[in-house]
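Thanks for coming. I will go through one model today, so please have a look at it first.

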Amino acid sequence: MTFKEKVNKLLAEALLDKPTLFLIDLTITDAFKVIVSLDDDNGVALQDCIDVSRAIEANLDREEQDFSLEVASVGVGSPLKLIRQYKKNVGRTLIVKTVQENLEAELVEANDEFVILSWEAREPKKIGKGKETVQKTLQLPYEDIKEAIVTVTF
């Protein structure tokens with residue numbers, strides 16, 4: 001079994017114990033630096049990262065293969081990668097990049113095929129001069145999203 005296969009197996013076993021925790025990314029560099037990015041339906045606690053790190057590190061032999069290990073939650077400005085992340089962030093504001101445009105909109109709904117976004121826009125009045133604020137919505141399939149990041153508001 002290769003080093004990467006061992007890490008994958010140990011990570012899968014560690015995540016079985018925590019059903020709300022899920023893997024976003026696993027990277028193993030040529031220098032055997034293992035980087036694990038996690039997310040959780042309710043937010044990742046520091047103890048979750050510690051538990052996963054210990055489950056992996058305790059079952060690997062540094063005499064067999066020297067490695068470094070980093071287990072962390074996804075960062076605030078990290079792009080959403082999984083449908084599960086979109087569902088978790090319903091009601092929050094996203095910056096969404098598509099092939100045609102960039103939007104800042106509220107994530108109103110997320111299902112397995114698409115998201116529904118809602119935002120206010122200034123458009124010319126239908127009658128008369130000037131502009132008016134209109135509410136816009138867009139149903140956007142996941143494959144049309146190049147990148148989506150949750151915005152942080154204070």
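I will take the salt bridges and then the largest pocket.

This is a predicted model: local features need pLDDT of at least 70, side-chain atom pairs count only at pLDDT 80 or more, and totals for chains, interfaces and linings use all residues. Residues are numbered from 1 along each chain as its sequence is written, and side-chain values use heavy atoms, with hydrogens and water left out.

The whole structure has 12 salt bridges, each being a side-chain nitrogen of Lys or Arg within 4 Å of a carboxyl oxygen of Asp or Glu. One of them joins Lys88 and Asp39 at 2.5 Å, N to O. Lys88 sits in helix 3 (residues 83-88) and Asp39 in strand 2 (residues 33-40), 49 residues apart; helices (H or I, at least four residues) and strands (E, at least two) are DSSP runs, numbered from the N terminus.

Are these two partners buried or exposed? Asp39 is buried at 5% relative accessibility, while Lys88 is partly exposed at 30%. Buried means under 20% relative accessible area, exposed over 50%, partly exposed in between, with a 1.4 Å probe and protein chains only.

Helix 3 also holds Arg84, 43 residues from Asp41 in the loop between strand 2 and helix 2 (46-57). Arg84 and Asp41 form a salt bridge, with the closest N and O atoms 2.9 Å apart.

Now the pocket. Lys88 comes up again: with Val74, Gly75, Val76 and Arg92, Lys88 is among the closest to the centre of the largest pocket, out of 16 lining residues. A pocket here is an open set of points on a 1 Å grid over the protein atoms alone, where a 1.4 Å probe fits, with protein on both sides within 12 Å along at least five of seven lines; lining residues have an atom within 4 Å of a point.
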